[in-house]
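This report covers charged side-chain pairs and the packing of one helix. The structure is shown first.

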Amino acid sequence: TRALSGSVVMAVGGYAGDLSAKSVLAKHAPRLAKMPTTNDERSSGDAITLCSAVGAAVENLDKVELTPCAAVMPNAPDSDFKLVVSDAICGAGGRLLDARGKRFTDEMATAQLRVEAMGRAKGPFRLVIGESQAASVQWLCDFYMDRKVMKKYNSSSALAKEMKVEKLDGVGSEAVYAATVMPALYSCAGGLVTGWQDADAGKVLAEAKKPIDGLFAAGEATAAPFGKLRSVTGIPLLYSIYSGRMAGRAAAGSDKPAADLRELIISCMTAPSKVVMDDDAKKEGGDAGDAEKKEEKPLEEMSQEELIAKIKDLQANGPPAAAADSGPSGISMDEVKKHNTKEDAWIVVNGDVVDVTTWIPIHPGDEQAIVAYLGQDASDEWNMIHKPGTLEKNYVPEGGKGPVLKGKLGSGAPAVAAGGGAAAPAGLSMDEVAKHNTESDLWIVLHGRAYDVTKWTQV
């Protein structure tokens, strides 16, 4: 076990993702703990729990801002988790309509005022925007449509018919995009008490308002020093950036010695038994040249001259060819599609092909949350509400009750590198990835997996 000592900056988010009976919300704002949330389980109040144990002061834990634009997900309508719809839709001309198809609030008012207006109106509520107005935020509409929280109608009258009203207030006759929305927990205004001026800026304070040595905090882990302003669109993010920079400067200026985080990470990632140093090579009867052939020096240890030489070598000779692989490259998507019933159920999550047949009846998020994606790639939906590693740690052996890993997604045929390019997992060659190199069609490879990041270039 390795220990990292030195200054600590708490930037782990708020506490609006934990609705359990023992949560911060249940203790300080029990009424709010009964509401849906746009935060996932990572926002669990860890900063408050950890820092309170060393005497940190907290305040305003009953203050959590709500959003009026939390979208109901069709595949999990009763889930406590909701996907927040960006206020950019409202800014582009979107309209908030009640069950009668009437506008009931100013869409550009603060989140607090819009939520209060919802309390006086009758739901279900819809956020509606015309096709022409949506042009400036088209990528957002596409994003929400991909996640099935927004739907496109050929005309506003088609939506009005579905809502069983005569017409929609403030919406033209053109095609429209619509999402069913409701109030939900959004941003925590309470948290750790930190200093804001002079020598205490960014530092976590104890009950006596004195700074705790070496402890800093930022973002939703802290109590915001302002009130209603927090419900203004963009303020929570701006506050996180400002307080983060303030805590970072304070921690960097601390005279408390700290371990080298870079060296700690590298030492944890590199298995010593796989690293052959010059002295070790000589002991085995070799020389330094043999050692270099056995294990090339890591990039982070190269000098500027060595890095330049490495780049020139890659430019001249290209990357080393992938090792020949005569085995299968994984399970094909066509095979996955065959397993699309509750009695024989497979899904794909982040490249893993998973048999969820025995998991469906006992899944915590109910059956429908899985059944909606049988025989499909559910990676986007899964990653939207789960932290990395959640599925992997729940794998069970064949015959067990739970998710069973069947293998990796691939072409289902032997992987062959085309044109000397290195074959990537999932049956893709680097030559194929290289074809997708424009702003409108952009792929990258990260940790051996190919990702389509076209939409992210606009963010």
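## Salt bridge between Lys406 and Glu398

The model is predicted. In this model Lys406 has a relative accessible area of 32%, so Lys406 is classed as partly exposed. Its salt-bridge partner is Glu398, with an N to O distance of 2.8 Å. Glu398 has a relative accessibility of 57% and therefore counts as exposed.

## The network around Arg103

Elsewhere, Arg95, Arg103 and Glu107 are joined into one network by salt bridges that share partners. Within this network, the closest N and O atoms of Arg103 and Glu107 are 2.6 Å apart.

Are the two residues of this pair buried or exposed? Glu107 is buried, because its relative accessibility of 3% falls under the 20% cut-off. Arg103 is partly exposed, at a relative accessible area of 34%. The pair thus joins a buried carboxylate residue to a partly exposed arginine.

## A salt bridge within helix H13

Helix H13 spans residues 333-338 and contains both Glu335 and Lys338. The two residues are three positions apart in the chain, about one turn of the helix. Their side chains form a salt bridge with an N to O distance of 3.3 Å.

Lys338 is exposed, with a relative accessible area of 59%. Glu335 has a value of 26% and is partly exposed. In total, the structure holds eleven salt bridges, including the Glu335 and Lys338 pair.

## The two sides of helix H4

Which residues of helix H4 are buried? In this helix, which covers residues 111-120, they are Ala111, Arg114, Val115, Ala117 and Met118. These residues lie on the same side of H4, because they cover an arc of only 155° around the axis. On the other side of H4, Gly119 and Arg120 are exposed.

What do the buried residues of H4 pack against? Their partners are four strands and one helix: strand E3 (64-71), strand E5 (95-97), strand E6 (125-130), strand E8 (176-188) and helix H3 (88-91).

## Summary of the pairs

- Arg103 and Glu107: salt bridge at 2.6 Å, with Glu107 buried and Arg103 partly exposed.
- Glu398 and Lys406: salt bridge at 2.8 Å, with Glu398 exposed and Lys406 partly exposed.
- Glu335 and Lys338: salt bridge at 3.3 Å, with Lys338 exposed and Glu335 partly exposed.

Methods
Residues numbered from 1 in each chain as written. Predicted model: local features only at pLDDT ≥ 70, side-chain atom pairs only at ≥ 80, totals over all residues. Heavy atoms only, no water. Salt bridge = Lys/Arg side-chain N within 4 Å of Asp/Glu carboxyl O. Buried < 20%, exposed > 50% of the residue type's maximum accessible area, 1.4 Å probe, protein only. Arc of directions from axis to C-beta. Contact = heavy atoms within 4.5 Å.
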